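Here is a short briefing on one protein model. Please look over the sequence and structure before reading the points below.

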Amino acid sequence: MKSVGLIWAQNQAGVIGYRDTIPWRVPEDMAHFKAVTMGHPVIMGRRTWDSLPTAFRPLDGRRNIVVTRNADWSAEGAERAGSVTEALELTGQDPVWIAGGGEIYRAAMDLATELLVTEVDSEVEGDAYAPAIGPEWRTDAPEPWRTSRGGPRFRIRRYIR
């Protein structure tokens, strides 16, 4: 079975985004994301791709696969796939990381073998939400809360099936 990880940050209400941005600043989470995904394929939706600052697009050191229904879509440094399943078929390597957004996470949840969730202690408005984590997922005790250089407290939890 292919190793498929979903990686995201959410607040207590499950918010992962607002107006195509991440609604908090936690540089330690960005560093964690980079360290975990470096050298591996990263699958994301087109809106997530578009939300990346131009200087970080494509994500360096990673194969960037963008899921979009638009068959004519293309971008330098990215490969297009019509679905999460098609994107996974393109990879042929383990692990593969799913990097959002909400619709892509929900489409990939049944295929996932691991979740890396950064919990952010921040009350913010949101319009994109993390998928529900059901009872089939096991987790160890979360790491202790840490205060980010960007302000909010955060901790990282790993879930496996």
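Glu-119 is buried, at a relative accessible area of 15%. Salt bridges with shared partners put Glu-119 in one network with Arg-155 and Arg-157. The model is predicted. The points below start with that network, then turn to other pairs, the backbone, one helix and the whole chain.

**The Glu-119 network**

- The salt bridge between Glu-119 and Arg-157 has its closest N and O atoms 3.7 Å apart.
- Glu-119 sits in strand β7 (residues 114-121) and Arg-157 in strand β11 (residues 153-160). The two residues are 38 apart in the chain, and the pair links distant parts of it.
- Is Arg-157 buried or exposed? Arg-157 counts as buried, at 16% relative accessibility.
- Both ends of this pair are therefore under the 20% cut-off for burial.

**Other salt bridges**

- The count of salt bridges comes to 11.
- Glu-79 and Arg-63 form one of them, with 2.5 Å between the closest N and O atoms.
- Glu-79 belongs to strand β5 (residues 78-81), while Arg-63 is in the loop between α2 (46-51) and β4 (64-67), so the pair ties together parts 16 residues apart in sequence.
- Glu-79 is partly exposed, at 27% relative accessibility. Arg-63 is also partly exposed, with a relative accessible area of 28%.
- Asp-60 and Arg-62 meet through their side chains in another salt bridge, at 3.1 Å from N to O.
- Asp-60 is partly exposed at 46% relative accessible area, whereas Arg-62 counts as buried at 10%.

**Cis peptide bonds**

- The bond from Arg-57 to Pro-58 is cis, and its omega is near -5°. Pro-58 lies in the loop between α2 and β4.
- Gly-100 and Gly-101 are also joined by a cis peptide bond, with omega about -5°. Gly-101 is in the loop between β6 (96-98) and α4 (102-108).

**Positive phi angles**

- Which loop holds Arg-19? Arg-19 is in the loop between β2 (15-17) and α1 (27-37).
- Arg-19 is not a glycine, yet its phi is positive, at about 50°. Arg-19 is exposed, with a relative accessible area of 61%.
- Asp-20 is in the loop between β2 and α1 as well. Its phi is near 60°, a positive value in a residue other than glycine.
- Asp-20 is partly exposed, at a relative accessible area of 43%.
- Gly-39 comes just after α1 and has a positive phi of about 85°.

**Helix α1 and its cover**

- Which residues of α1 are buried? They are Pro-27, Glu-28, Asp-29, His-32, Phe-33, Val-36 and Thr-37.
- The cover over these buried residues includes β1 (4-11), β3 (42-45), β6, β7, β10 (146-147) and β11.
- Strands β7 and β11 thus appear twice: they help cover α1, and they hold Glu-119 and Arg-157.

**Whole chain**

- The protein has 4 helices and 11 strands. Its radius of gyration is 15 Å, close to the 15 Å that the globule rule gives for 161 residues, so the protein is as compact as a globular protein of that length.
- The C-alpha trace spans about 40 × 35 × 25 Å along its principal axes.
- Of the 161 residues, 47% are buried.
- Take the contacts between residues at least 6 apart in sequence: 64% of them join residues at least 24 apart.
- The exposed area of the protein is about 8,600 Å². Carbon and sulfur atoms supply 50% of that area.
- What are the numbers of positive and negative side chains? There are 20 positive and 22 negative side chains, and the centres of the two sets lie 2 Å apart.

Notes:
Residues numbered from 1 in each chain as written. Predicted model: local features only at pLDDT ≥ 70, side-chain atom pairs only at ≥ 80, totals over all residues. Heavy atoms only, no water. Rg over C-alpha atoms; globule rule 2.2 N^0.38 Å. Buried < 20%, exposed > 50% of the residue type's maximum accessible area, 1.4 Å probe, protein only. Contact = heavy atoms within 4.5 Å. Areas by Shrake-Rupley, 256 points an atom, 1.4 Å probe, with all protein chains shown as cover. Lys, Arg positive; Asp, Glu negative; His and termini not counted. Charge placed at Lys NZ, Arg CZ, Asp CG, Glu CD. Salt bridge = Lys/Arg side-chain N within 4 Å of Asp/Glu carboxyl O.
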